[in-house]
Amino acid sequence: MPMFADLTVSVPDFEDLGRIPDRLSADGGNETPVVHFSGAPEGTVELALIVDDPDAPLPNGFTHWVVYGIAPDTTTLDVTADGVTVGPMGAGQNVWYGPQPPAGHGVHHYFFHVYALGKHVEGAPTREEFLAQYAGDVLETARYVGTFSNDSE
C-alpha cells in the first residue's frame, strides 16, 4: 500500500502536528472540523476518512470519526453529500466526537487518515472492521495529525 505519494488530507483549523482548537473538542463546542483532500490516485472509487487517537487509554485507542463514500474528486468534506456515510465512532454514535483526553493524561495525537479505495465500502463498518475488510483495496493513504491536551499547564 503506497503512502504519502500524491494523496493529501489537511485541516485548515490547525497546522499538521499543531494543537486542535478548543472549539473542535468535545468539551469546547464539538464543532465538526473542515477537512480538505487532493491528489486521489487514478482508479480511486471513493475516499474514506478515519480520525483516531492512539494515545487513548484503550486497547485500540479511540475512534473519533469514520466517514465513507467520499467522491474521489472531493476537495472539501461534506458529510451531507450524496453517497457519504458517517460510520460509528468509538462510543457507537455516527458523529464527529472531538478530542477529550483524560485530564492529566498529557498530549494526545489525533490522526486524520484518508484512504483512496479501489472499491466501494458497503454499509458503515467500524474503524476496526474497515481496516480488516478493506486493507487490500487501499490504493494510497495519507494522514494529518493534530494534538490536544486537557492538562492545565
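Of the 153 residues in this chain, 45% count as buried. The model examined here is a predicted one. A good place to start is the overall fold: the chain contains 1 helix and 8 strands, and a walk along the sequence meets them in the order β-β-β-β-β-β-β-α-β. The radius of gyration is 15 Å, close to the 15 Å that the globule rule gives for 153 residues, so the chain is as compact as a globular protein of that length. Along its principal axes, the C-alpha trace spans about 45 × 30 × 25 Å.

Turning to the interior, the largest nonpolar core has 25 residues. Those with the most contacts inside this core are V35, F37, L49, W65, L77 and F112. Two or more residues each come from β4 (46–53), β5 (62–70), β7 (108–117) and β8 (138–148), and β7 gives the most, with 4 residues. V35 offers a helpful view of the packing: leaving aside residues up to four places away in sequence, V35 touches V9, S10, V11, L49, W65, T75, T76, L77 and F112. Apart from the largest core lies another, of 10 residues, among them A48, Y68, Y134 and V138.

Contacts across the sequence can be viewed for the whole chain too. Among contacts with a separation of 6 or more, 70% are accounted for by residues 24 or more positions apart.

Finally, the surface and charges deserve a look. The chain exposes about 7400 Å², of which carbon and sulfur atoms supply 50%. The chain carries 5 positive and 22 negative charges, and the mean positions of these two groups are 3 Å apart.

Methods:
Residues numbered from 1 in each chain as written. Predicted model: local features only at pLDDT ≥ 70, side-chain atom pairs only at ≥ 80, totals over all residues. Heavy atoms only, no water. Rg over C-alpha atoms; globule rule 2.2 N^0.38 Å. Buried < 20%, exposed > 50% of the residue type's maximum accessible area, 1.4 Å probe, protein only. Contact = heavy atoms within 4.5 Å. Areas by Shrake-Rupley, 256 points an atom, 1.4 Å probe, with all protein chains shown as cover. Lys, Arg positive; Asp, Glu negative; His and termini not counted. Charge placed at Lys NZ, Arg CZ, Asp CG, Glu CD. Core = buried A, V, L, I, M, F, W, Y, C linked by side-chain atoms within 4.5 Å.
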